[in-house]
Amino acid sequence: MLAWENTREMIKNAVTLAILDVTKIQCVYTDASHMCWSVVITQISPMDLDRSLHEQSYQPLMFLTGRFNGASKNWPIVDKEGFAILMAVKRCGYMLLTGKPFHIFTDHQNLINIFSADARGGVDIPRYRADRL
């Protein structure tokens, strides 16, 4: 446990958060496991979008994490991954809901298929599933 706390302190001290710049593009990176969820919100200059990922210059804005407790431990993984996105928008809406689009990055292919009309081929997802996400 002491090693975890030491690592956590080193990470907290190693990262400097940027101040929100509405002229930049906000990016939300989410992930979830069976036990936890996490969110990283960054911003990037519009000029960096044409560069390769390794050449882009992201500025961190916020880090969020949480654990699944009680009944949420039994949720399907798609709901857990969707919950991380929901928490990002709910807790950081002031950064993301500025009147212009923001980018969401997730490693869960089902969420990509659900929210991307191109990936779905225009097929509507069941309403109960969309409402839950």
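What volume does the largest pocket have? The points below address this question and the surroundings of the pocket in what is a predicted model.

1. Overall architecture. The chain comprises 5 helices and 4 strands. Read from the N terminus, these elements follow the order α-β-β-β-α-β-α-α-α. The chain has 133 residues, and 29% of them count as buried.

2. The largest pocket. Its volume is about 540 Å³. The lining consists of 17 residues, and those nearest the centre of the pocket are Arg-8, Ile-11, Lys-12, Phe-63 and Thr-65. Two or more lining residues are given by each of the elements α1 (2-14), β2 (36-44) and β3 (59-67).

3. Character of the lining. By residue class, the lining of the largest pocket holds 10 nonpolar, 4 polar and 3 charged residues.

4. A nonpolar surface patch. Ile-11, Val-15, Leu-17 and Phe-63 make a nonpolar patch of about 360 Å² on the surface. Two members of this patch, Ile-11 and Phe-63, are also among the residues nearest the centre of the largest pocket.

5. Ile-11. This residue belongs to helix α1. Is Ile-11 buried or exposed? Ile-11 counts as exposed because its relative accessibility is 53%, and the cut-off for exposed is over 50%. Ile-11 thus deserves its own entry here: the residue takes part in the nonpolar surface patch and lies in the group nearest the centre of the largest pocket.

Key:
Residues are numbered from 1 along each chain as its sequence is written. This is a predicted model: local features need pLDDT of at least 70, side-chain atom pairs count only at pLDDT 80 or more; totals for chains, interfaces and linings use all residues. Side-chain values use heavy atoms; hydrogens and water are left out. On a 1 Å grid over the protein atoms alone, a cavity is a set of points where a 1.4 Å probe fits but cannot get out, and a pocket is an open set with protein on both sides within 12 Å along at least five of seven lines; lining residues have an atom within 4 Å of a point. Grid points are joined across faces, edges and corners, and a volume is the space filled by probe spheres set on the points. Ala, Val, Leu, Ile, Met, Phe, Trp, Tyr, Cys and Pro count as nonpolar, Asp, Glu, Lys and Arg as charged, and the others, Gly among them, as polar. Patches are made of residues with over 30% relative accessible area and no salt bridge: like charges are joined within 9 Å, nonpolar side chains (Val, Leu, Ile, Met, Phe, Trp, Tyr) within 5 Å. Accessible areas come from the Shrake-Rupley method with a 1.4 Å probe; for residues, only the protein chains shown count as cover. A salt bridge is a side-chain nitrogen of Lys or Arg within 4 Å of a carboxyl oxygen of Asp or Glu. Buried means under 20% relative accessible area, exposed over 50%, partly exposed in between (1.4 Å probe, protein chains only).
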